[in-house]
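Me: I've just opened this one and don't know my way around yet. Can you walk me through it, one question at a time?

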Amino acid sequence: MSRLPVALAALATIVLGLGVRLLWDGPVPKYAGDALYTVLIYLLIVLAWPRVRPWAAALASAGLSWAIEFAQLGEIPSALRPLLGSTFNPPDLFWYAAGAATAWAAHAWLAYRSGSPG
């Protein structure tokens, strides 16, 4: 997959995440942000390794998101809290999986359309 569309998708994901926070309060921006956080990780993986299989990028992005969430059971340094969070919240694990699954489905569909293995 070409890096330019992936980079643009990563930028759009950041803009969408910030927009959701600006437009809504409550659980919508919280859980949409969780899913979009994992989508961004997915896109960064694809940006670094353009030939990665969609299922591998999905597992890696969900796994990294879950690892960060479980790390919140310990002490996150204050400088990293804006990026990594500070409070473990079990429902976040579902939304990370939802973000990874959505990114995987979009990536697999695009690979199928372009005739690439996926």
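Me: Is Val20 buried or exposed, and what is its relative accessible area?
Reply: This is a predicted model, by the way. Val20 is found in helix α1. Buried means under 20% relative accessible area, and Val20 falls on the buried side of that, with a value of 9%.

Me: Which residues does Val20 touch, leaving out those up to four places away in sequence?
Reply: Don't look to Ala98 for an example of a short distance: Val20 and Ala98 are 78 residues apart along the chain, and their C-alpha atoms are separated by 17 Å. With residues up to four places away in sequence not counted, the ones Val20 touches are Val28, Pro29 and Ala32.

Me: Let's move to α2. Where is Val39, and is it buried or exposed?
Reply: The place of Val39 is in helix α2. Its relative accessibility is 15%, so Val39 counts as buried.

Me: Which residues does Val39 touch, setting aside those up to four places away in sequence?
Reply: Val39 and Ile14 are 25 residues apart in sequence, with 9.7 Å from C-alpha to C-alpha. As for contacts, residues up to four places away in sequence are not counted. On that basis, Val39 touches Thr13, Gly99 and Ala103.

Me: How do α2 and α5 pack, and what word describes their orientation?
Reply: Two packed helices are described by the angle between their axes and the distance between the axes. For α2 and α5 the angle is about 45° and the axes are 8 Å apart. Angles under 35 degrees count as roughly parallel and 65 to 115 as roughly perpendicular. The angle of about 45° fits neither, so α2 and α5 are oblique to each other.

Me: What is the handedness of that crossing, and how do the contact residues of α2 and α5 divide?
Reply: α2 passes α5 in a right-handed crossing. On the α2 side the contact residues include Lys30, Asp34, Val39 and Tyr42, and on the α5 side they include Asp92, Trp95, Gly99 and Ala103. Sorted by type, the residues of the contact of α2 with α5 come to 12 nonpolar, 3 polar and 3 charged.

Me: What about α2 and α3: which word describes how they lie?
Reply: α2 covers residues 27-48 and α3 covers residues 54-71, and their axes come within 9 Å and cross at roughly 130°. Over 145 degrees would count as roughly antiparallel. The crossing is at roughly 130°, so α2 and α3 are oblique to each other.

Me: How many charged residues are in the contact of α2 with α3?
Reply: The crossing of α2 and α3 is right-handed. Among the residues making the contact are Tyr37, Ile41 and Ile45 of α2, with Ala57, Leu64 and Ile68 of α3. The split is 12 nonpolar and 3 polar, and the charged count is none.

Me: And α3 with α5: which word fits that pair?
Reply: Their axes come within 9 Å, and the crossing is right-handed. The contact includes Trp55, Trp66 and Phe70 of α3 and Leu93, Tyr96 and Trp104 of α5. Its residues divide into 12 nonpolar, 3 polar and 2 charged. The axes cross at roughly 160°, and over 145 degrees counts as roughly antiparallel, so that is the word for α3 and α5: roughly antiparallel.

Me: Which element gives the most residues to the largest nonpolar core?
Reply: In soluble globular proteins, nonpolar side chains tend to be buried together. Here the largest nonpolar core has 14 residues, and Tyr42, Leu43, Ile45, Val46, Val52 and Ala57 touch the most other members. Two or more residues come from each of α1, α2, α3 and α5. The element that gives the most, with 6 residues, is α2.

Me: Now the loops. Which residues does Gln72 touch, again leaving out those up to four places away?
Reply: Gln72 lies in the loop between α3 and α4. Gln72 is buried, at 7% relative accessible area. Beyond four places away in sequence, Gln72 touches Leu84, Gly85, Ser86, Thr87 and Phe88.

Me: What does Asn89 count as, by relative accessibility?
Reply: Asn89 is found in the loop between α4 and α5. Not counting residues up to four places away in sequence, Asn89 touches Lys30, Tyr31 and Glu69. Buried would need under 20%; Asn89 has 21%, so Asn89 counts as partly exposed.

Conventions: Residues are numbered from 1 along each chain as its sequence is written. This is a predicted model: local features need pLDDT of at least 70, side-chain atom pairs count only at pLDDT 80 or more; totals for chains, interfaces and linings use all residues. Side-chain values use heavy atoms; hydrogens and water are left out. Axes are lines fitted to C-alpha atoms, for helices over the stretch in contact, and angles run from 0 to 180 degrees between N-to-C directions. Helices (H or I, at least four residues) and strands (E, at least two) are DSSP runs, numbered from the N terminus. A crossing is left-handed if the near helix is turned anticlockwise from the far one by less than a right angle, and right-handed if clockwise. Contact means heavy atoms within 4.5 Å. Ala, Val, Leu, Ile, Met, Phe, Trp, Tyr, Cys and Pro count as nonpolar, Asp, Glu, Lys and Arg as charged, and the others, Gly among them, as polar. A nonpolar core is a set of buried Ala, Val, Leu, Ile, Met, Phe, Trp, Tyr and Cys residues joined through side-chain atoms within 4.5 Å. Buried means under 20% relative accessible area, exposed over 50%, partly exposed in between (1.4 Å probe, protein chains only).
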